[in-house]
Amino acid sequence: MDFDFSDEQKLLADQVKRFLDENCDSRVVRSVLEGEADFAEAVWQGLADLGLHGTAIPETYGGTGAGYLELCLVAQQLGAHIAPVPFASSVYLVAEALLLWGSEAQKLIWLPKLCTGEVKGALATTESLTQLRPQDVATTCSGDRLNGTKLVVSDGGIADLFVVLAQPESGSPTPALYLVTADQVQVQAVDSVDLTRNTARVTFAGASAQLLTGEGWSALQKLYDRAGVLFAFEQLGCAQAALAMAVAYAQERFAFGRAIGSFQAIKHMLADMYVAMKLAESNCYYAAWALANNSADLPLAGATARVAATQASQLCARDNIQVHGGMGFTWEFDCHLYYRRANYLALELGSLSEWEARLVDHLPLQQSA
Amino acid sequence: MDFSDTPEEAGFRAEVRTFVDEHAPHYLAPFLAKSGFGNTHTGDYDTLTEAKKWQKTKAEHGWACLMWPTQYGGRGASPMQNVIWSQEEGLYGRLSSLFIIGQGMCAPTMMAYASEAHKQRYLPKLASGEEVWCQLFSEPHGGSDLAGLRTRAQKSGDEWVINGQKIWTSGAQHSDFGILITRTDPDVAKHKGLTMFFLDMKSPGVKIVPIRQANGNSEFNEVYFDNVRIPDHQRLGEVGEGWRVSITTLMNERMAIGGSIPTGFPEIYELVQTLSLDGAPAVENPAVKSRLAGWYVKAAGLGHNASRMISALSKGEMPGPENSMGKLVAGNMMQDIAKFALDLQGQAGSLVDPEIAEGAARFQAMLLRSPAVRIEGGTDQILRNIIGERVLGLPEDLRADKGMPFNKIPTSQQDKS
Ligand SMILES: Cc1cc2nc3c(=O)[nH]c(=O)nc-3n(C[C@H](O)[C@H](O)[C@H](O)COP(=O)(O)OP(=O)(O)OC[C@H]3O[C@@H](n4cnc5c(N)ncnc54)[C@H](O)[C@@H]3O)c2cc1C
């Protein structure tokens with residue numbers, strides 16, 4: 001057994017960290033938050049130039065083929081920097097869906113462009129104000145024409161290529177996944193808790209669509225098993241950054257003649273944040289291994305990482321505000337950036353209670369004491 | 001990253017399996033399987049006798065205290081081999097609880113500070129379970145604030161004379177020896193006047209009084225010292241260096257407890273699969289799922305944390321204070337799980353009769369024992385202080401007794417006014 005990332009993998013993480021430290025500080029995040037830019041284009045291009053979009057994409061399709069362990073570490077850094085780029089949508093969801101179900105032609109057309117960053121992707125599933133269920137999908141596809149509206153599409157405002165969940169009119173028992181290009185859709189920006197994610201309402205009115213896979217619902221579950229790990233790493237990064245911010249403030253802010261970090265109420269809150277973060281970290285590391293090795297354990301390991309990282313990022317982001325007092329509730333301080341991102345990520349790909357149920361459904365029956 | 005056995009690890013595992021298959025007390029398996037937390041069941045067999053027998057068998061075949069050097073009764077095994085051993089020993093590992101304090105805490109202290117002759121004399125018998133050891137640290141006035149302890153040791157020729165009282169000493173009634181921390185100089189600051197010894201628990205002047213615990217058992221004791229004499233060669237470390245020596249013990253304590261602590265997850269998961277709730281297996285209820293997922297995440301996280309620690313140890317890294325979190329997480333979790341398991345059983349959850357209650361009353365035993373997990377070996381609050389200060393680097397607590405000579409420190413409200 002060897003339960004650690006290799007030195008080369010750590011070196012890569014460090015390189016990504018340095019790039020983002022230099023190019024993606026909170027001023028960059030805020031420029032997107034304030035609507036001055038749709039996304040951080042220079043960061044997006046820089047990541048592509050470093051070959052990071054294609055970290056887990058084979059060289060034949062324009063990637064570096066480095067692997068999923070590496071991609072997990074990239075995700076962690078993006079989460080720590082709250083990077084306002086459509087990386088999760090493009091890489092963990094759309095590129096991944098193409099790798100899993102795309103025809104050779106579809107892969108050859110789209111993957112190289114996703115690797116260079118020329119094309120940005122988005123996944124369109126949600127239609128109503130309730131949790132997603134296959135029997136409720138009202139978007140339909142008849143022949144190659146797609147009709148319907150997706151209510152909440154992350155990065156939908158800037159995407160060039162959509163993967164869409166829709167019900168074939170042929171009377172299939174399950175919805176299917178389709179590919180649709182941006183020129184076929186109407187996009188309307190909608191505000192969300194994280195204003196840096198270009199959330200949009202996307203309408204398809206006779207949009208030209210290509211079938212990706214007919215078994216859309218089970219495909220979506222498989223996609224979530226895999227992407228769940230990568231989202232968990234973003235959440236882990238977010239938790240770690242929020243914790244670090246809180247610890248730093250607790251050391252420098254004085255009240256009653258002493259650093260607030262010496263008050264046990266604060267110290268113990270920070271200790272609990274650390275514990276949640278550490279549990280998430282270890283679960284994430286194991287899930288990274290399961291993802292990279294296509295282990296039979298992946299659905300359980302992925303759900304475990306996702307639940308732990310959701311809990312940790314929500315706790316750390318929330319209590320980072322508490323540690324900061326009134327300053328924590330200002331627009332000016334960065335606390336809310338973590339709070340927004342943590343709570344947004346928690347709802348993408350299905351919410352915490354849905355993942356809790358997935359986790360339990362994947363536990364092996366009868367685990368004897 | 002790689003979770004499969006290397007060929008050497010697989011070979012070692014096979015060797016362990018053969019030994020366990022051939023020598024383990026299989027007749028105890030059904031009872032051990034039903035052991036609730038804090039109670040080791042051995043049916044009609046005497047637990048102490050059976051525990052010692054299994055330990056002796058392990059030692060005779062070189063499977064006791066695997067990581068110790070061979071000359072002290074160990075096997076010189078790696079941390080990874082030790083993990084493989086405990087995975088394969090499985091249920092029978094539940095017989096070892098009597099030896100954890102001696103082997104996990106006293107022994108590392110002896111290895112670091114005892115003379116070679118003493119190591120040769122005491123460690124092999126500790127490994128084989130022939131001699132049981134206890135840890136005489138806590139006192140009525142020194143628990144979390146261990147350095148507030150008052151038991152006096154005064155030099156008399158080549159000996160030290162001990163007077164005072166220890167409390168909460170687990171297993172003292174079964175122990176042959178103990179490590180003992182005392183105050184040798186009350187005129188200096190509290191951490192500076194301490195000295196560590198080991199002693200024969202049968203020494204004249206030692207009196208052991210069992211304490212009845214909140215759960216009805218009596219695992220811990222009061223231990224009184226009335227002019228007990230300890231030869232100077234049984235001193236561990238220099239005079240006045242007892243605090244530093246105790247750190248060795250406590251670091252190992254958190255390793256010994258934190259790495260392998262039960263969480264209650266397998267038990268609750270088993271329960272909700274069979275127990276009916278609202279006409280269906282409880283596990284199908286969304287509220288149950290949510291609780292279960294939260295606990296699984298913790299149990300799995302602690303397991304992976306432990307594996308990461310073993311991996312780091314294998315590469316020669318030192319375990320750090322972050323291991324304090326194991327007991328902090330598990331203790332709270334066990335208490336929550338017990339409460340929830342009883343809740344699901346309705347009023348019948350209140351029964352503690354093992355003949356009637358679900359699973360031989362395992363969750364009731366857990367309910368009644370788990371509060372202690374949050375106290376023994378460092379309370380939840382002390383562990384959070386450690387994480388806050390030593391892991392996150394936060395400033396120390398304000399200490400009202402900082403730098404004061406020990407005998408000037410207030411010990412009650414009256415002292416202060
Ligand atoms: C089952 C069991 C077995 C034990 N076995 C042994 C043994 O074998 N050998 C041995 O030496 N000891 C043993 N102990 C003793 C144990 O280590 C102490 O009980 C423990 O360290 C707490 O000390 P205390 O009981 O004096 O409580 P106190 O220190 O008086 O604590 C009371 C409360 O005050 C809190 N508190 C104290 N100081 C602080 C602080 N600085 N910051 C915040 N909160 C604080 C504590 O968290 C606790 O909630 C055992 C205890 C139990 C319950």
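How far from an oxygen atom of the ligand does a backbone N or O atom of B:Phe137 lie? In this predicted model, the separation comes out at 3.1 Å. Two side chains of chain B can be set beside that backbone contact. B:Gln381 places a polar side-chain atom 2.8 Å from an oxygen atom of the ligand, while B:Asn385 has a side-chain N or O atom 3.5 Å from a ligand nitrogen. As for how well covered the ligand is, it would expose 960 Å² if taken alone, and the protein buries 69% of that area. Strand 3 (159-170) and helix 12 (380-391) of chain B are the elements that each put two or more residues into the surrounding shell.

Stepping back a little, the ligand sits between chains A and B. Its surroundings come to 19 residues, and the closest of these are A:Gln264 from one chain and B:Ser144, B:Trp168, B:Ser170 and B:Thr379 from the other. Sorted by class, the shell holds 11 polar residues, 7 nonpolar ones and 1 charged one. Domains matter here too: domain 2 (133-245) and domain 3 (259-378) of chain B each supply at least three residues to the shell.

Now for the open spaces in the protein. The second largest pocket encloses about 920 Å³. It is lined by 35 residues, and those closest to its centre are A:Thr126 together with A:Leu347, A:Glu348, A:Leu349 and A:Gly350. Several elements of chain A give two or more residues to this lining, namely helix 5 (87-101), strand 3 (145-153), helix 7 (216-252) and helix 11 (352-362). Of these, helix 7 of chain A gives the most, with 4 residues. The lining of this pocket splits into 17 nonpolar, 13 polar and 5 charged residues. Domain 2 (122-214) and domain 3 (218-362) of chain A both take part, each with at least three residues in the lining.

Closed spaces turn up as well. Across the whole structure, the search picks out 4 cavities of 30 Å³ or more. The second largest cavity has a volume of about 60 Å³. Lining this cavity are A:Leu78, A:Ala83, A:Val85, A:Phe87 and A:Ala88, along with A:Arg197, A:Glu234 and A:Arg341. By class, that makes 5 nonpolar and 3 charged residues, with no polar ones in the lining.

Definitions and conventions: Residues numbered from 1 in each chain as written. Chains lettered and ligands numbered in written order. Predicted model: local features only at pLDDT ≥ 70, side-chain atom pairs only at ≥ 80, totals over all residues. Heavy atoms only, no water. Near = heavy atom within 4 Å. Polar contact = N/O pair within 3.5 Å; in protein donor to acceptor, adjacent residues only side chain to side chain. Areas by Shrake-Rupley, 256 points an atom, 1.4 Å probe, with all protein chains shown as cover. Nonpolar A, V, L, I, M, F, W, Y, C, P; charged D, E, K, R; others polar. Domains from an automatic or database assignment. 1 Å grid on protein atoms, 1.4 Å probe; cavity = no way out; pocket = protein on both sides within 12 Å on 5 of 7 lines; lining within 4 Å. Points joined across faces, edges and corners; volume = space filled by probe spheres on them.
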